[in-house]
Every structure is written in C-alpha cells, then in structure tokens.
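Visitor: Please take me slowly through one part of this model, the sheet whose strands run in parallel, and then set it against the rest of the chain. I would like the cut-offs behind each term as you go.

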Amino acid sequence: MLEDRTTAAPSATSWPAAYPQGYAVVDVETTGLARDDRIISAAVYRLDARGEVEDHWYTLVDPERDPGPVWIHGLTREALEGAPLFRDIAPEFAARLEGRVLVAHNAVFDWQMIAREYARAQSVAPVRQRLCTIALSKELGLPLPNHKLESLAAHFGVVQRRAHHALDDARVLAEAFRPSLHAAAAGGLRLPLHECRPLTEWSDRPAPRISGQGGFGGHRQTGWRPSRKRPACPYPNPGRYEAGKRLKQGMRVAFSGDTSTERDLLEDRATEAGLHVATSLSRLTSLLVTNDPDSGTSKVVKARQYGTPVVDEAAFGQLLADVEPADG
C-alpha cells in the first residue's frame, strides 16, 4: 500500500550520494514541554540508508518526578515503578543513535529533550544532525490537512495502534518516513537536515513552587542554555505580517516575555520554518510574539511605536504550521 502512494523507487545509480548512510527514527514521551521536564519513555527504529528497518528498541524511564499528563501518554507512577533511570539507559540509547541522523516528528523538541537528559547524565548524545518529518513533508508538498503525525500516517496508509505510545509512534513514523525518503530521492530533493548543537553552560537551581501544582512544585530544575549561534536566514525579509494571512519565509520575528514553551524551542521552530529570529525590535520587524501585550518591556513599547503586529504564543504556534515559501 505504501508503494502505491509514492513515485517509483530510485535505482542504485540514481540514489543521491549526499544522503545519509543511516537514520534513527525516535519518539520520546515526556512529563511536559518545559526545560525541566523529563523523558519517561523512548523508542528508536534504526533504518538503513534507504529507510529499511534494521531493528527497534523501547524502554520506560524513571523521570524522578511526577509523570505529568497521564491522560496523554498513559504512564502512571505505578507503570513506571522499577523503570531504569535515564543515566542507566543512556549507553544503549547512544549506541542506537551513533552515526545516524535523528529523525522525529517536530525533531527539535525530541532532540532538546534528549540533549538535556544526556547533559544531566554528564554526557553528550552522539547526534550530529536531525531531520524533522514535518519539514520534509513541506518540502515534498504533501497534501496534508495539518502537520499532525496522524495525518502523515493516513497519507501513506500507515495504521496507528497506540497514539502517544513511544514505540508505536516511532513505528508509524518509520513507516511514513521510508516512502517520504524515496520520494525525496526520486525528485533529487535536498533533505532538510539541521545541526544538533549540544547543550552547554548548565547548572542546577531550585525551581519556584507554583501554587496548585501539588507535587510539581519544589523539585530541582536545570538551567540549560544551548549554544545559540544561528545560521543567517537565507531569505529576504518580505515585510510585515498581515493579520489573517500566512507567515512567509524571511519574516523577522521577535519574542518578548515569558512563554509556556521554552523560548529556545520556539526560536528553533521559527528558524527551521525559514523565519529570521531577531534579538531586538526595529521598524523592519515583521511580528512580535508575546503573551503580555500590555507589558512595558522595551520590545512591546517599540512595537506600539512602530505599529508592529503582535500575536500571542498560541497564535504563533498555529502560524508556524503553515509558513509560506519565499518567492523564487
């Protein structure tokens, strides 16, 4: 059924020489989305250069804290009882990532969660490049109604059995990635590979107690700061964002104030979508993202002065799902 939805498979002589020699399709389930959240389960499907499955692996992980949204991942404290700590499974996980491109759906999230866990274990994940299947589906121009994993799976006729179970999500993604990879190879498409930067300059500090969160307050969190040297945006600035329209590659986006999703993660998502992440706000800024438009931060004040469009984090997340390609 998968073959019916793809172009003819490239021959041995036509397969792009620059393509990676192997892939690690990864899915992790976590206690949440913040920088101090933890991995509670992980799965890896190892694929060869042409996307054929070599083997797979799955493990539960003791997060050393509350498991978070059980209604999503289904992993209760009881289910995680006796599970290994991340530092105990880190060598096996690393062996399955070594020398391969990490493939995930919204890969920057999975990568940052993995990178933080390795940093906590005083180690570094052996990953140099990642490939996001959302970005690949956009490059392929797949006619998807949205960029959820279930939509990608349905397009290629892959049956999901247990959504938000790491092993099944990784299987589904591996099965959908293979025809995507073959379609890219047949079209001579350059794969949207991104560098994986290790996290550095981290230190432990007590997390503030947040009322109403019960066991979540008072645990120790980690202050992470990745190496933030970003490549220059390759697209020209098309101007300001207009309400009701799509973002366009090359637009300059600035962020201000607290966000529910980690700021670095939001910035990486914007960069991978082809936007220019600006550290300051000027008349050239296309959009300001803030959850507090009435605050007195310098960026918000300048946005009022310049008439810069402002959206909140939730609206920005929706806009990121459908960024218009740059002209030409």
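Guide: Valine 310, in strand E12, is the bridge partner of leucine 288. Residues are numbered from 1 along each chain as its sequence is written, and side-chain values use heavy atoms, with hydrogens and water left out. The model is predicted, so local features need pLDDT (the predictor's confidence in each residue, from 0 to 100) of at least 70 and side-chain atom pairs count only at pLDDT 80 or more, whereas totals for chains, interfaces and linings use all residues.

Strand E11 (residues 287–290) pairs with E12 in the parallel sense, over two bridges; helices (H or I, at least four residues) and strands (E, at least two) are DSSP runs numbered from the N terminus, and two strands pair if DSSP finds at least two bridges between them. The open sheet to which they belong has four strands in the order E10-E9-E11-E12, with parallel pairing. At its edges are strand E10 (276–277) and strand E12 (310–311), each of which pairs on one side only. Helix H9 (residues 298–306) packs on this sheet and touches strand E9 (252–256), E11 and E12, a contact being heavy atoms within 4.5 Å. The direction of H9 makes about 140° with that of E11, where axes are lines fitted to C-alpha atoms, for helices over the stretch in contact, and angles run from 0 to 180 degrees between N-to-C directions. Helix H10 (residues 313–320) also lies across E9, E11 and E12, and runs at about 125° to E11.

Elsewhere in the chain the pairing is antiparallel: nine bridges join strand E1 (residues 22–30) to E2, and seven join E2 to strand E3 (residues 53–60). Leucine 47 of E2 stands opposite tyrosine 23, and opposite valine 53 in E3. Four residues lie between the strands in the hairpin of E2 and E3, where glycine 51 takes a positive phi near 85°. Because nine of the ten residues of E2 are buried, this strand is largely enclosed by the rest of the structure; buried means under 20% relative accessible area, exposed over 50%, and partly exposed in between (1.4 Å probe, protein chains only).

The largest nonpolar core, a set of buried Ala, Val, Leu, Ile, Met, Phe, Trp, Tyr and Cys residues joined through side-chain atoms within 4.5 Å, has 31 residues, and Val26, Ile39 and Phe93 are among those with the most contacts inside it. E1, E2 and helix H3 are among the elements that give two or more residues to this core, while its largest share, eight residues, comes from helix H4. Leaving out residues up to four places away in sequence, phenylalanine 93 touches residues including Val26, Val44 and Trp57. Arginine 96, in helix H3 (residues 86–97), counts as buried at 12% relative accessibility, and its contacts beyond four places in sequence include Val44, Asp55 and Trp57.

As for confidence, the mean pLDDT of the chain is 85, with 85% of its residues at 70 or more. Among the elements, strand E2 (residues 39–48) has the highest mean, 98, and strand E8 (residues 220–226) the lowest, 43. Residues 201–227 stay under 50, and for this stretch the model has 47 contacts beyond four places in sequence.
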